[in-house]
Amino acid sequence: MSNSSVETPSRDEANPPKIDFPCDYPIKVMGEAAPDFKVSILDVLVGEATEYHQQSVTVVDSRNGRFQSVRVTVKAESPAHLDRLFQALKATGRVHMVL
């Protein structure tokens, strides 16, 4: 038996935004290990006028030492801001992946 009084939620109600901007947003940037890899990542953040939490910056070397990941929490202003930041990081030619 069908219950006609049950309303189907609208798409916006059914799929609310997963992120409320602006917000703190952790990112992980991976590339080949180098003494200046962390600095190059932070330079991109500054160049893109992206605020970040200095105390959140960590560098993790891969097991064999060939790669590094830089983890940092940034202040994301919008989805477009994150997209521009990710594109700028990849454009360095040093970044293999941004998560």
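Here is a walk through this structure, from the overall chain down to a few details.

Keep in mind as you look around that this is a predicted model. How confident is the predictor? Averaged over the chain, the pLDDT comes to 88, and 83% of the residues score at least 70. The start of the chain is another story: residues 1-10 have a pLDDT below 50, and apart from near neighbours in sequence, that stretch makes one contact in the model. So much for the caveats.

Now for the overall layout. The chain contains three helices and four strands. If you trace the sequence from beginning to end, they turn up in the pattern α-β-α-β-β-α-β. There are 99 residues in the chain, and 28% of them are buried. It's also worth asking how far apart in sequence the touching residues are. Among the contacts with a separation of 6 or more, 69% are between residues 24 or more positions apart.

A good place to zoom in is where two of the helices meet. Helix α2 covers residues 37-47 and helix α3 covers residues 79-90; the two pack with their axes 10 Å apart, at an angle of about 140°. Angles over 145 degrees would count as roughly antiparallel, so this pair is described as oblique instead. As for handedness, α2 and α3 make a right-handed crossing.

Which residues do the touching here? On the α2 side you'll find I41, V44 and L45, and they meet L85, A88 and L89 of α3. What sort of residues are these? Six are nonpolar, with no polar and no charged residues in the contact.

Next, have a look at a couple of spots in the loops. One sits between α1 (11-14) and β1 (23-32), and that's where you'll find P22. The peptide bond leading from F21 into P22 is cis, with omega near -10°.

The other spot is A49, in the loop that links α2 to β2 (58-61). Its backbone has a positive phi of about 55°, even though A49 is not a glycine. Is A49 buried or exposed? Its relative accessibility is 67%, and since anything over 50% counts as exposed, A49 falls in the exposed group.

If you'd like to retrace the tour, start at the low-pLDDT stretch of residues 1-10, move on to the cis bond between F21 and P22, and then follow α2 to where I41, V44 and L45 meet α3. From there, A49 is waiting in the loop between α2 and β2.

Key:
Residues are numbered from 1 along each chain as its sequence is written. This is a predicted model: local features need pLDDT of at least 70, side-chain atom pairs count only at pLDDT 80 or more; totals for chains, interfaces and linings use all residues. Side-chain values use heavy atoms; hydrogens and water are left out. Axes are lines fitted to C-alpha atoms, for helices over the stretch in contact, and angles run from 0 to 180 degrees between N-to-C directions. Angles under 35 degrees count as roughly parallel, over 145 as roughly antiparallel, 65 to 115 as roughly perpendicular and the rest as oblique. A crossing is left-handed if the near helix is turned anticlockwise from the far one by less than a right angle, and right-handed if clockwise. Contact means heavy atoms within 4.5 Å. Ala, Val, Leu, Ile, Met, Phe, Trp, Tyr, Cys and Pro count as nonpolar, Asp, Glu, Lys and Arg as charged, and the others, Gly among them, as polar. pLDDT is the predictor's confidence in each residue, from 0 to 100. Buried means under 20% relative accessible area, exposed over 50%, partly exposed in between (1.4 Å probe, protein chains only).
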